[in-house]
Amino acid sequence: KILKLCGKHIKSMSAGYDHCIAVVSNLGKHEIYCWGANAYGQLGLDHMEDMHTPTYAPALSKAAPHQVECGGQHTIAVAKRSVWAMGRNDFGRLGLSHKLQTRAEHAGPLVIRFLSDATGPKTTMFAACGASNSLFVLANGELLGCGRNDAGQLGLGHLEEVLKPSWILKEEVCPVSPFIFT
């Protein structure tokens, strides 16, 4: 049994290539615990050391995400009015509009400005991560993606990498039912 998570209600979990993250409820607040490889800062901590047991992630917990999704050495966290990215950024998989890699002195979650501070139908509802790309679903049903695309895995009709979330489905989409997060 994992002692650090005993007595806490696990709301959701995600496992990536070599790291895991859990969203837990503790006295009505969401807390984020992470463990595994952290060479690219994918755990959202203020360092890049691997963690061998679940470790509380204060900065990510403060962002209060309702969903955290692990990919191949990167992580996306979706909060009420912001979307956060951390980890390996080759191919632009973090959606930060560049491919620059996080260095140890800048480790921790970074806000994806293109997807944050939106309200209503443009609110990001949830994300999914592949090995080298990320997908985002908005409240109005629109689907966006970024990252590696050399095999057309983003569905954009071309084979170039995408550094900023770009629309995959924009027209004639169905609204996404709102989630109830407790």
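**Sheets, cores and charged pairs in a predicted model**

One open sheet consists of four strands in the order β1-β2-β3-β4, with antiparallel pairing, where strands are DSSP runs of E of at least two residues, numbered from the N terminus, and two strands pair if DSSP finds at least two bridges between them. The structure is a predicted model, in which local features need pLDDT of at least 70 and side-chain atom pairs count only at pLDDT 80 or more, whereas totals for chains, interfaces and linings use all residues. Residues are numbered from 1 along each chain as its sequence is written, and side-chain values use heavy atoms, with hydrogens and water left out.

In the sheet β1-β2-β3-β4, the edges are formed by β1 (9–15) and β4 (51–56), each of which has a single partner strand, so one side of each is left without a neighbour in the sheet. From one strand to the next the twist averages 15 degrees, the axes being lines fitted to C-alpha atoms and the angles running from 0 to 180 degrees between N-to-C directions. Within this sheet, the antiparallel strands β2 (residues 19–26) and β3 (residues 29–36) are joined by eight bridges, and Asn 26 has Lys 29 in β3 as its bridge partner.

Another open sheet of four strands, also with antiparallel pairing, has the order β5-β6-β7-β8. Here β5 (67–70) and β8 (110–111) stand at the edges with a single partner strand each, so one side of each lacks a neighbour in the sheet. Strands β6 (residues 74–78) and β7 (residues 83–87) run antiparallel and are joined by five bridges, with Ile 76 standing opposite Ala 85 in β7.

Both Ile 76 and Ala 85 are among the residues with the most contacts inside the largest nonpolar core, which has 16 residues; such a core is a set of buried Ala, Val, Leu, Ile, Met, Phe, Trp, Tyr and Cys residues joined through side-chain atoms within 4.5 Å, and buried means under 20% relative accessible area, exposed over 50% and partly exposed in between (1.4 Å probe, protein chains only). The elements that give two or more residues to this core are β6, β7, β9 (124–129), β10 (133–138) and β11 (143–147). A second, separate core of 13 residues includes Leu 45, Val 68, Ala 77 and Met 86. Phe 136, which also belongs to the largest core, touches residues including Ile 76, Val 83, Leu 115, Phe 126 and Pro 165, not counting residues up to four places away in sequence, contact being defined as heavy atoms within 4.5 Å.

Six salt bridges are found in a search of the whole structure, each being a side-chain nitrogen of Lys or Arg within 4 Å of a carboxyl oxygen of Asp or Glu. In the salt bridge between Asp 90 and Arg 93, the closest N and O atoms are 2.2 Å apart, and Arg 93 counts as buried at 2% relative accessibility. For Glu 161 and Lys 99, the corresponding distance is 2.7 Å; this pair links distant parts of the chain, with Glu 161 in the loop between β11 and β12 (162–169) and Lys 99 in the loop between β7 and β8, 62 residues apart. Glu 161 is partly exposed at 32% relative accessibility, as is Lys 99 at 44%.

No disulfides are counted, the criterion being a pair of cysteine sulfur atoms within 2.5 Å. Cys 34 is in no disulfide, the nearest cysteine sulfur, that of Cys 70, being 8.9 Å away, and Cys 34 is buried with a relative accessible area of 0%.
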